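Please open the model in a viewer and keep the selection panel at hand. The stops below proceed from one selection to the next.

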Amino acid sequence: MSISDLLRVNPGPIDLGAIAPEATPGFEGDKAAGKEALKALAPRLAELQEMLSAEGYVGGERKLLLVIQGMDTSGKGGVLNDCVGIFDPGGISLKSFKKPTKEELAHDFLWRVEKVVPAAGYVGIFDRSHYEDVLIGRVRQLAEPAEIERRYAAINDFEQRLVEQGTTIVKCMLHISKDEQCSRLLARLDDPTKQWKYKPADVDERALWDQYQSAYGIALERCSTDAAPWYVVPSNKKWYRSWAIATLLVEAFESMKLDWPTPSYDVEAEKKRVAQS
């Protein structure tokens with residue numbers, strides 16, 4: 001069974017509490033084996049990205065969008081280092097969605113997202129995303145309940161439109177336990193080189209852990225579609241998280257059936273021209 005099948009969110013209510021954050025679906029080895037498996041995926045992942053870039057260079061319209069969501073310390077930065085770091089930086093577009101500006105708040109919540117979707121031939125990465133507006137927006141009551149409800153359908157329509165325009169979407173929820181988050185926050189505080197990553201507000205958010213888990217469950221249930229399914233990636237084990245997401249990306253690329261573009265010119269004739277020039 002593919003990792004996509006193992007981690008994909010199935011139709012119906014989602015109980016994140018029933019998904020073990022320390023599990024390693026689809027992988028039977030240990031940490032060392034997981035790191036070797038990730039390293040082994042790198043050449044293929046880099047090749048597939050280059051194929052996509054080449055297709056875009058000659059006029060193709062396809063692109064890939066990786067959406068990364070998760071609680072604080074779930075490993076979004078680790079995914080960028082371990083998986084996105086494999087790609088040619090010239091062929092990616094990375095966007096991290098922070099607190100909306102006054103200008104952004106003056107528009108619909110998807111306005112700022114529409115502007116930064118990946119161009120043809122690119123791999124786009126959303127480190128946090130438009131889902132913030134139904135996660136923290138719901139938990140912190142930053143919008144009226146009716147508006148939050150509207151946004152689920154708006155997100156589905158937006159993602160369906162992206163897919164129809166040639167975008168393959170890979171949405172990953174990095175699933176960690178509350179105890180694991182505690183350990184990671186304490187590790188940050190113990191390390192002078194990582195203390196800058198800690199925010200006292202992180203503890204305030206931990207007090208709302210159950211509310212966030214509920215908000216995630218609703219978002220996953222409402223917005224995992226055939227066009228853009230969600231994947232819940234157990235992330236207590238960092239090495240597994242990175243291997244799983246790299247594998248999801250390989251499977252997504254391979255589903256696109258990419259190949260090197262065929263030249264529109266006579267190769268042998270051009271060899272002669274070059275030799276004679």
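**The central sheet**

Begin with Lys-63, whose bridge partner in strand β4 is Thr-167. Strands (E, at least two residues) and helices (H or I, at least four) are DSSP runs, numbered from the N terminus. The model is a predicted one, in which local features need pLDDT of at least 70 and side-chain atom pairs count only at pLDDT 80 or more, while totals for chains, interfaces and linings use all residues. Residues are numbered from 1 along each chain as its sequence is written, and side-chain values use heavy atoms, with hydrogens and water left out.

Next, select β1 and β4 together: eight bridges join these parallel strands. Two strands are taken to pair if DSSP finds at least two bridges between them. Add β3, which pairs with β1 in the parallel sense over five bridges; here Val-67 stands opposite Phe-126 of β3. Then add β2, which is joined to β3 by five bridges and runs parallel to it. Ile-92 faces Val-123 in β3.

With β5 included, the selection is an open sheet of five strands in the order β2-β3-β1-β4-β5, with parallel pairing. β2 (92-96) and β5 stand at the edges with a single partner strand each, so one side of each has no neighbour in the sheet. From one strand to the next, the twist averages 20°.

**Both faces of β1**

Return to β1 and colour the residues by accessibility. Eight of its eight residues are buried, that is, under 20% relative accessible area with a 1.4 Å probe and protein chains only (exposed is over 50%, partly exposed in between). In a regular strand the side chains alternate between the two faces of the sheet. On one side of β1 are Lys-63, Leu-65, Val-67 and Gln-69, and on the other Leu-64, Leu-66, Ile-68 and Gly-70, all of them buried.

**The largest core and α11**

Which residues touch the most other members of the largest nonpolar core? They are Leu-66, Ile-245 and Phe-253, in a core of 39 residues. Such a core is a set of buried Ala, Val, Leu, Ile, Met, Phe, Trp, Tyr and Cys residues joined through side-chain atoms within 4.5 Å. Among the elements that each supply at least two residues are α2 (31-57), β1 (63-70) and α11 (238-255). The most is given by α11, with eleven residues.

Select Ile-245 and display its contacts (heavy atoms within 4.5 Å). Beyond its neighbours within four places in sequence, Ile-245 touches Leu-66, Val-79, Cys-83, Cys-172, Leu-174 and Val-233. A second, separate core of 35 residues includes Leu-65, Ala-143, Ala-215 and Cys-223.

**His-175**

Move to His-175, placed in strand β4. His-175 is buried, with a relative accessible area of 3%. Outside its neighbours within four places in sequence, its contacts include Leu-16, Pro-21, Gln-213, Val-232 and Asn-236.

**Where α6 meets α10**

Finally, select helix α6 (residues 132-139) and helix α10 (residues 209-223), whose axes come within 9 Å and cross at roughly 145°. Axes are lines fitted to C-alpha atoms, for helices over the stretch in contact, and angles run from 0 to 180 degrees between N-to-C directions. Among the residues making the contact are Val-134, Leu-135 and Ile-136 of α6 and Tyr-212, Ala-215 and Ile-218 of α10.
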